[in-house]
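Trainee: Please pick one strand in this model and take a close look at it. Then work outward to what lies around it and to the other parts you can describe.

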Amino acid sequence: ENSTESVVFIKNFSGTDPRRYSMFDYFFGNGPSQQVSTGSGVIISSDGYIVTNNHVIDRAETIEVIHQKKTYKARLVGTDKNTDIAVLKVEGGNLPAIKKGSSRNLKIGEWVLAVGNPFNLTSTVTAGIVSAKERQINILGGDFPLESFIQTDAPINPGNSGGALVNVNGELVGINTAILSRTGSYTGYGFAVPVDIAMKVANDLIEYGEVQKAIPGIEAVEITPELAEEMDIKTLDGVIVTYVIRDGAAEQAGLERNDVITQIDGQPIKGMGSFEEALSYYYPGDKLSIEILR
């Protein structure tokens, strides 16, 4: 009840611009044909900003947003392939913005609802629990793909992409993004971008037109049992620094190759998912306290 009115239906129209086609295309029957793809989105502000997935609006020439039977022309504010997040803007006032929760405080086993608008129906809601956090499934593009998904067994179908994952108070905790399936329909696992990451990306796109990504100046890897044995590390939590960029922030701070990063600003680092997620909240120029095992 708290969240369904904040979820919208998105129509992506592509392949219709006649200026892309030459006389020969028409002659050989390859003229413009309209393609329509659809998905869901979440209203994040009452003045009409909407968060969805980048793949929902990919290659769109025109975008329509349908909310409570009203159709709006949407402007694309910005996209981020690294997190599969995009922001749209519609001209509207007093739209029902969703309440924001915290993905950092989300517990494994906690009940969640996946709210989508997959077939221009009023909305669809499926229930499940948080199965895992900080999941990396290697599906994102971009130069710096940031994968730290919330995994849930709440069924997410393709039309739910861009919809809301909410907690039992109806607060937004994630943006539904992906399913692991050979058939394209739901088979047990769904993945959502944590709201704390999605909102940082959305706010950056609105304010700067691009995502302000903080680069620490190192490369790191997960700790495997084999690496732990080889390096005589007593824990499998954290990440191992494999490369320190010359004159980068990490080198200036004194980090060295083979250091194990265990905490960033007091947040425990379990693996690459939590490492990338922890860094994603910061801006270039921010100072961090990092705890390491040397």
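Mentor: A strand here is a DSSP run of E with at least two residues, and strands are numbered from the N terminus. Keep in mind that the model is predicted. Start with T62, which is found in strand 4, residues 62–67. Is T62 buried, partly exposed or exposed? The cut-offs settle this: buried is under 20% relative accessible area, and exposed is over 50%. T62 has 33% relative accessibility, so it counts as partly exposed. Its C-alpha atom is separated from that of N12 by 6.3 Å. Along the chain, T62 and N12 are 50 residues apart.

Now the strand for the close look: strand 3, residues 49–53. Five of its five residues are buried, so strand 3 is largely enclosed by the rest of the structure. Take its partners in turn. Strand 2, residues 35–43, runs antiparallel to strand 3, and two bridges join them. Across this pairing, I43 stands opposite I50 of strand 3. The two strands form a hairpin with five residues between them. In that hairpin, G48 takes a positive phi near 105°.

Strand 6, residues 85–90, also runs antiparallel to strand 3. Here five bridges join the two. I50 turns up again: its bridge partner in strand 6 is L88. In general, side chains in a regular strand alternate between the two faces of the sheet.

I50 and I43 also line a cavity. By the rule used, there is one cavity of 30 Å³ or more. The largest cavity holds about 30 Å³ of space. I43 and I50 share its lining with V8, V65, H67, Y72, V90 and L95. By class, that lining has seven nonpolar residues, one polar residue and no charged ones.

Move on to strand 12, residues 190–194. Five of its five residues are buried. Strand 9, residues 149–152, pairs with strand 12 in the antiparallel sense, over three bridges. T152 stands opposite G190 in strand 12.

Next, helix 6. Nine of its nine residues are buried, so helix 6 is largely enclosed by the rest of the structure. Among the buried residues are M272, F275, L279, E276 and E277. Helix 6, residues 272–280, supplies at least two residues to the lining of the second largest pocket. Helix 5, residues 249–253, does so too. Helix 5 gives the most to that lining, with three residues.

The pocket itself has a volume of about 410 Å³. It is lined by 19 residues. Lying nearest its centre are P216, A249, D286, K287 and L288. The lining divides into 16 nonpolar residues, one polar and two charged.

Finish with the rings. A search of the whole structure finds one aromatic pair. Charges also sit over rings. R104 lies over the face of Y281, at 3.7 Å from the ring centre. The charged end of K200 sits over the ring of Y283, 4.1 Å from its centre.

Back to the strand you started from. I50 is the residue to follow: it stands opposite I43, has L88 as its bridge partner in strand 6, and lines the largest cavity.

Key:
Residues are numbered from 1 along each chain as its sequence is written. This is a predicted model: local features need pLDDT of at least 70, side-chain atom pairs count only at pLDDT 80 or more; totals for chains, interfaces and linings use all residues. Side-chain values use heavy atoms; hydrogens and water are left out. On a 1 Å grid over the protein atoms alone, a cavity is a set of points where a 1.4 Å probe fits but cannot get out, and a pocket is an open set with protein on both sides within 12 Å along at least five of seven lines; lining residues have an atom within 4 Å of a point. Grid points are joined across faces, edges and corners, and a volume is the space filled by probe spheres set on the points. Helices (H or I, at least four residues) and strands (E, at least two) are DSSP runs, numbered from the N terminus. Ala, Val, Leu, Ile, Met, Phe, Trp, Tyr, Cys and Pro count as nonpolar, Asp, Glu, Lys and Arg as charged, and the others, Gly among them, as polar. Rings of Phe, Tyr and Trp (its six-membered ring) pair if their centres lie within 6.5 Å; planes under 30 degrees apart count as stacked, over 60 as edge-to-face and the rest as tilted. A charge sits over a ring if NZ of Lys or CZ of Arg is within 6 Å of the ring centre and within 35 degrees of the ring normal. Buried means under 20% relative accessible area, exposed over 50%, partly exposed in between (1.4 Å probe, protein chains only). Two strands pair if DSSP finds at least two bridges between them.
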